[in-house]
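This report walks through a model of a protein with an RNA strand. Please keep the sequence and the 3D view open while reading, and look up each residue as it is named.

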Amino acid sequence: MNTSNGQVRVRFAPSPTGFFHIGGARTALFNWLYARHCGGTFVLRIEDTDKKRDSEEALRVLIDGMKWLGLDWDEGPEVGGPHEPYFQSKRSEIYAEYLQQLRDCGRAYDRDGAVWFRVSGSMSQIDDKIRGKVQRLEEKDFVIVRSDGQPVFHFVNVVDDIAMGISHVIRGEDHLSNSSKHVELFLAFGRQPPTFAHIPLILKTNGPGKMSKRDSGALIEDYAGRNYLPEAVRNYLCLLGWSPKDDREILPIEEIIALFDLPGINKNNARFDEKKLAHINGEYLRRMAFDDFYSRAIPLLRNAGLVDDSSDGAYVRSVLGICQEKLRELAELEHFCAYFFRDDYQRDATAEGKIISSGNSLASVGEFLAALWELGDRWDVESLEQFTQKLAATNGRKTGDYIHSIRFAVSGQSVGPGFYAMVAVIGKDRTVKRLENFLRQYSAGNP
RNA sequence: GUCCCGUUCGUCUAGUCGGUCCAGGACACCGGAUUUUCAUUCCGGCAACAGGGGUUCGAAUCCCCUACGGGACGCCA
């Protein structure tokens, strides 16, 4: 069934539409994984036969998305290859040649200004690596060249797969019904069809139908824009329709490549779950080496105007050091740590309500502040912890009484990095100033 | 409507030859723990073999039917 030399050659053949859909990305990913697993060749071919909607920018989105996900191609745009060009819009002569072949053997004819393909009338057998044997009868002749001279998808797709020596066609299940057309074409050209593998579709999180570009989370470029980690998105995509068959979910791409195979792919469609993606992103964030986290975080902090060239590098590093383990998305970082860098940070209204209604926040902040002299010059996690526990014991309070009030007084939040680490990093002067501010602002008569 | 594909917790899935599955893991949700909070960490809980017929000593696993879901039926790709 494969090509003569037994080499695995797969392709991703997107149409540049202006966005990189998550379903297409998953198809590209599975092709890439299979090629890498087999030591085969991954071809990127641009199916830009629909002149109305193709453009440079649209191609850019696609290529950037592929690169962002780390899906490198062996042949195609930018890298070239032995079957150039890799744009269907530039392959007209090849299509003309193949069309002539069909005319010569009486399988192509003209009607209404278009060129039609004459079906055989016999049942097509599709031997699918994921679905097994599928039979389908293609009943009606179909157009292969439009009356404006533009060749149609089914035709160019098959011609290019032949011309480029594609051995395995891995694509979405929405193409399964088209496969009978394609098989007819391969046979009409006197070729064995390639091995097919139709992968399940990605459905909307809720409601009927497959993911569409309007659904939240549907576009790869959005994840890049939101600073998701590409490794995390890629890992999640691998899990939609495939699994390593043990209880692992997060695994390095090398391992996925080693384990990936066509028969291991599920048959049924999968619903997209943005929460699980976010969870996996958080896992990746936490497992990252600190230096990697740091270099990803810095541009965001600069953009937000929280740090600049005059910032204290050691301070920035300690802030990021205590924030890394708490984040799910890098996009949260600005809000998560703004109060480390500026004094006019926002106060969370819900947190404020809780603190004020607890009734003891003024007293506990006051006690804390009044006893701080005991610490002397010591301002580290351990000292702060011992100090707070001792203070709680002395005053018959729970340490939580101090922690909640002081966290809010110092950060305006009810959540954040570990409490003692946070206070330690913020520093004594700043902490004292903020606690005094808090007392002034919230003391009786001025709530 | 016709044809094709599918159906395990709310969701993603494990479940190679039918028995060790009164069905395992993860997300989400709920509840605890760390005399220290939280979006981290750790423990625990909830929750599924679509339904009906077969085959078999025995079926989530095989067969049939029904239901439901998805897809394709374009001079879109």
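## The surface near the RNA

In this predicted model, several elements each supply at least two residues of the surface near RNA strand B, and these are β6 (132–136), α4, β11 (270–271), α9 (274–287), α15 (381–395), α16 (399–411) and α17 (419–426). Of these contributions, the largest share, 5 residues, comes from α9.

Altogether, 61 residues surround RNA strand B, and the closest of them are R146, E249, E385, T399 and H404. On the side of the RNA, sugar and phosphate account for 72% of the atoms of strand B that come within 4 Å of the protein. When the residues of this surface are sorted by class, 25 are charged, 20 are polar and 16 are nonpolar.

## Individual contacts with the RNA

Three pairs of atoms can be followed one at a time in the 3D view. A polar atom in the side chain of R131 lies 2.5 Å from a sugar or linking oxygen of RNA strand B, whereas the side chain of S177 places an N or O atom 3.2 Å from a base nitrogen of the strand. With G416, it is a backbone N or O atom that takes part, lying 2.5 Å from a base oxygen of RNA strand B.

## The largest pocket

The largest pocket of the protein holds about 950 Å³ of space. It is lined by 34 residues, among which P14, S15, G24, D174 and H175 are the closest to the centre of the pocket. Two or more residues of this lining are given by each of the elements β1 (9–12), α1 (22–38), α4 (153–163) and β8 (168–172).

By class, the lining of the largest pocket consists of 13 nonpolar, 12 polar and 9 charged residues. Which element gives the largest share of this lining? The answer is α1, with 5 residues.

## Helix α1

Since α1 has now appeared in the pocket, the helix deserves a look of its own. The 17 residues of α1 reach 24 Å from the first C-alpha to the last, which is close to the 24 Å expected at 1.5 Å a residue. The helix is also mostly covered, with 13 of its 17 residues buried. Just after α1 comes G39, a residue that takes a positive phi of about 70 degrees.

Note on methods: Residues are numbered from 1 along each chain as its sequence is written. Chains are lettered from A and ligands numbered from 1 in the order in which they are written. This is a predicted model: local features need pLDDT of at least 70, side-chain atom pairs count only at pLDDT 80 or more; totals for chains, interfaces and linings use all residues. Side-chain values use heavy atoms; hydrogens and water are left out. On a 1 Å grid over the protein atoms alone, a cavity is a set of points where a 1.4 Å probe fits but cannot get out, and a pocket is an open set with protein on both sides within 12 Å along at least five of seven lines; lining residues have an atom within 4 Å of a point. Grid points are joined across faces, edges and corners, and a volume is the space filled by probe spheres set on the points. Helices (H or I, at least four residues) and strands (E, at least two) are DSSP runs, numbered from the N terminus. Ala, Val, Leu, Ile, Met, Phe, Trp, Tyr, Cys and Pro count as nonpolar, Asp, Glu, Lys and Arg as charged, and the others, Gly among them, as polar. The expected span of a helix is 1.5 Å times one less than its number of residues. Buried means under 20% relative accessible area, exposed over 50%, partly exposed in between (1.4 Å probe, protein chains only). A residue is near a molecule or strand if one of its heavy atoms lies within 4 Å of it. A polar contact is a pair of N or O atoms within 3.5 Å; within protein, one must be able to donate a hydrogen and the other to accept it, and residues adjacent in sequence count only if both atoms are side-chain atoms.
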